[in-house]
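Please open the model in your viewer and keep the selection tool at hand. The stops below go from the meeting of two chains to the build of one of them.

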Amino acid sequence: MTPKKKRRLAFAAALLAAGAAVAGVIVYGLGQNTMYFRSPSDVAAKQVSEGVAFRLGGLVEKGSVQHGADAQVHFRVTDGKSTIPADFNGVLPALFREGQGVVATGRMDARGTFVANEVLAKHDEKYMPPEVVDALKRSGRWQEGAK
Amino acid sequence: MIGELGQLSLCFALALALVMAVSGLMGAQAAGSIARKVATSSAMGLLVFVALAFGVLTYAFVVSDFSVLLVADHSHTLKPLVYKISGVWGNHEGSMLLWVLVLSLYAAMVAGLQRGGARLTSAALGVQGLLAAAFLLFILLTSNPFLRLDPAPFEGGGLNPLLQDPGLAMHPPMLYAGYVGLSAAFSYAAAALLVGEAGWTRAARPFMLIAWIALTCGIALGSWWAYYVLGWGGFWGWDPVENASLMPWLIATALLHSALATEKSGAFSTWTLLLAIAGFSLSLIGTFLVRSGVLTSVHTFASDPTRGFFIMVLIALAIGGALALFAWRAPSLQGGAAFAPVSRESALLLNNVFLVASCACVFVGTLYPLVLDALDGTKISVGPPYYALTFAPIFFALLLLVPFGPRLGWKRGDLKAAWRSLYPALGVAAVAALVVLAIVSPRGLAATGAFAVAGWLIGASLIDVRKRQGARASAFAAALAHAGLGITLMGVAGTTAWRSEALTVLAPGQTMTVGPYTLRFDGVTREKGPNYVADRAHIALMNDDRAQTMLLPEHRFYPAEGQDMNDTAIRTTGLRDLYLALGDDRGGGRYALRAYVSPLAPLIWLGGLVMALGGFLSLWGRLRVKEPEAQPAAPAVALAAE
């Protein structure tokens with residue numbers, strides 16, 4: 001091998017190693033940090049283990065919102081079939097309403113309550129998070145065109 | 001009538017874009033001097049007609065001409081003038097028209113400046129013409145902004161109140177100037193492959209710089225907007241839409257550095273071409289992600305599948321075509337001169353490896369959930385922890401290496417000398433780390449490390465500025481841009497590590513404390529804005545039982561749009577932000593109130609500004625020096641000049 005070829009080979013090997021390292025980091029990172037979206041029915045069907053972070057989506061059940069001390073809020077998320085109680089300590093987004101769609105990030109605790117650390121804002125009244133629409137369709141509670 | 005004028009202008013523009021594409025590509029041949037003239041004039045004509053169409057649409061918005069469907073859907077007579085204008089690009093059709101306007105502006109600049117050889121410029125205009133034609137076709141076929149509405153309604157539907165904000169009025173034009181600016185680099189790269197001219201990087205550099213500056217400002221504006229409008233005190237959420245703007249920035253940064261090596265010594269000539277193609281491809285993918293309705297966010301206007309499909313075909317053609325051209329022609333380009341393992345070239349190579357790797361992390365994190373959803377309907381999201389684990393360490397490693405680059409000579413560098421000259425910077429880094437460890441709590445390894453690296457970057461830049469007095473603008477430009485990185489890093493580390501947060505429900509007269517501040521809630525009043533009604537909280541910042549300043553966060557309701565939004569109140573000392581957002585009504589005059597104290601938050605955006613200033617300085621240095629016309633950038637000459 002000429003010196004030039006040798007250098008090229010070393011260069012290619014180094015780049016390959018760097019690429020493999022980055023790919024490894026990415027795969028590891030994804031394995032550790034993806035959050036699944038679950039509907040209340042999924043949770044009721046025991047698809048979620050306690051303490052694992054996930055996103056819960058559905059409708060805020062009518063008449064379920066209760067304010068506790070300080071900024072504590074308690075409400076229930078439903079997809080028509082199953083209903084999951086949820087706790088949140090924080091400021092709710094401007095368009096958080098009973099009967100409207102909601103997506104929250106958090107974990108299930110030992111009592112079977114969803115403890116949210118983030119409740120996502122919707123952008124307007126007409127907007128329904130697509131995941132929620134899907135969840136409602138799966139539970140058979142979605143009517144096309146109805147709001 | 002006025003709408004038809006806009007429509008007609010767009011048709012003329014499409015015809016001119018096609019003429020420009022054909023004549024530009026014909027002018028790439030040696031004999032095509034007439035075709036070259038045609039391409040140049042049609043570039044100017046294209047700009048005139050697209051600007052006319054854009055002007056017509058703007059006029060329709062300003063006078064609230066509701067016989068135009070787009071205006072009726074997205075405007076309102078009561079909206080302040082500035083938001084009537086920004087409403088032009090606050091929707092899918094108008095934003096695509098803005099995209100084409102910026103594209104035509106760059107085409108006209110390429111034609112007007114005539115940088116590089118005549119054949120190269122002509123071929124670049126040809127490629128730019130193809131892009132313009134494709135996007136004009138897209139507008140005319142799927143997203144016509146001039147569709148009529150009969151009968152015209154008396155009032156319009158309004159603009160999403162989140163978008164009615166001075167920061168966001170400027171954000172899209174800025175970001176587009178960056179996205180589309182990369183099209184000029186792309187066109188020059190494709191032209192270089194067609195014509196076989198190696199000196200294209202010199203010709204395209206001002207465009208790369210403009211694009212990079214605009215992207216930097218656009219991202220900073222977007223992040224600033226998210227900070228003060230969304231009301232959760234964050235500045236970056238790793239939202240797919242944010243990522244879509246970050247990816248082109250990372251590649252554009254890599255491109256700026258790699259093109260420097262190509263220009264100076266001919267190194268990485270094929271790699272630089274590939275980066276130019278990748279940068280614009282990511283801009284296109286970003287546009288697709290943001291505009292097609294794949295993602296749901298404040299940015300998503302369209303949910304019409306034909307548009308998504310059209311953009312997808314457009315992307316496939318542009319990227320596929322460019323890569324095919326690359327595969328066909330790149331092997332025939334001659335490689336650069338050899339360089340030693342320790343040299344400026346190697347440093348720039350490392351820079352590129354890290355930047356591309358960090359971009360790959362963002363790319364996978366953004367697209368993996370979409371791909372998974374498309375494959376089997378599994379819905380997942382990839383949040384900030386993923387980026388903290390992948391992007392952050394790679395980018396951090398890059399920052400550690402930044403100060404070495406400018407200290408190594410081309411071809412062969414002296415690592416020991418570089419180290420020696422960096423001792424003072426090492427001292428600054430050590431002091432920064434010690435200060436953080438000694439006086440600030442809570443102590444954290446990440447914050448200490450981040451401040452050490454920030455000190456390292458800023459220290460090295462200061463040495464550069466001192467040592468190189470009388471040197472060329474480019475040396476100062478690099479020092480400024482690198483210092484900007486350090487400043488932003490301090491802001492990010494400071495807010496992340498030391499932010500304090502308080503969340504309470506207060507009745508009028510009650511007080512709360514957050515960080516060093518005491519706040520008294522004086523109740524809420526109902527206010528009336530031009531097109532909204534607001535609940536305005538009156539909050540007194542206390543100084544020994546005396547109200548020092550009033551802070552007025554609001555909760556606004558926009559009846560025309562039927563939407564709510566928060567207007568936060570931020571009081572900044574320049575080094576520390578006190579940030580208040582009004583929460584929900586808890587009855588009996590009691591309101592939830594959220595307060596943050598974010599130390600060093602303003603530095604995040606100040607750093608971005610400093611980086612952009614570095615870019616401006618470099619651009620100014622470039623344009624001031626008259627192009628040495630007859631003298632190609634021979635490596636030997638460039639080396640001697642260094």
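Two strands pair if DSSP finds at least two bridges between them, where strands (E, at least two residues) and helices (H or I, at least four) are DSSP runs numbered from the N terminus. This is a predicted model, in which local features need pLDDT of at least 70 and side-chain atom pairs count only at pLDDT 80 or more, while totals for chains, interfaces and linings use all residues. Residues are numbered from 1 along each chain as its sequence is written, and chains are lettered from A in the order in which they are written.

Select first A:Met35, which stands opposite B:Ser381 in strand 1 of chain B; that strand, residues 380–382, runs antiparallel to strand 1 of chain A and is joined to it by 3 bridges.

Widen the selection to the whole interface, where 27 residues of chain A are in contact (C-beta atoms, placed from the backbone, within 7 Å) with 35 residues of chain B. On the side of chain A that touches chain B, helix 1 (3–33), strand 1 (34–38) and helix 3 (130–138) each supply at least two residues, and helix 1 gives the most, with 8 residues.

Now show chain B alone, which has 20 helices and 11 strands. Its C-alpha atoms fill a box of roughly 80 × 75 × 50 Å along the principal axes. Colour chain B by its domain assignment (automatic or from a database): domain 1 is 1–158, domain 2 is 171–331 + 341–356 and domain 3 is 500–601. Finally, place centres over the C-alpha atoms of domain 2 and domain 3 of chain B, which are separated by 39 Å.

How values were computed. Contact = placed C-beta atoms within 7 Å.
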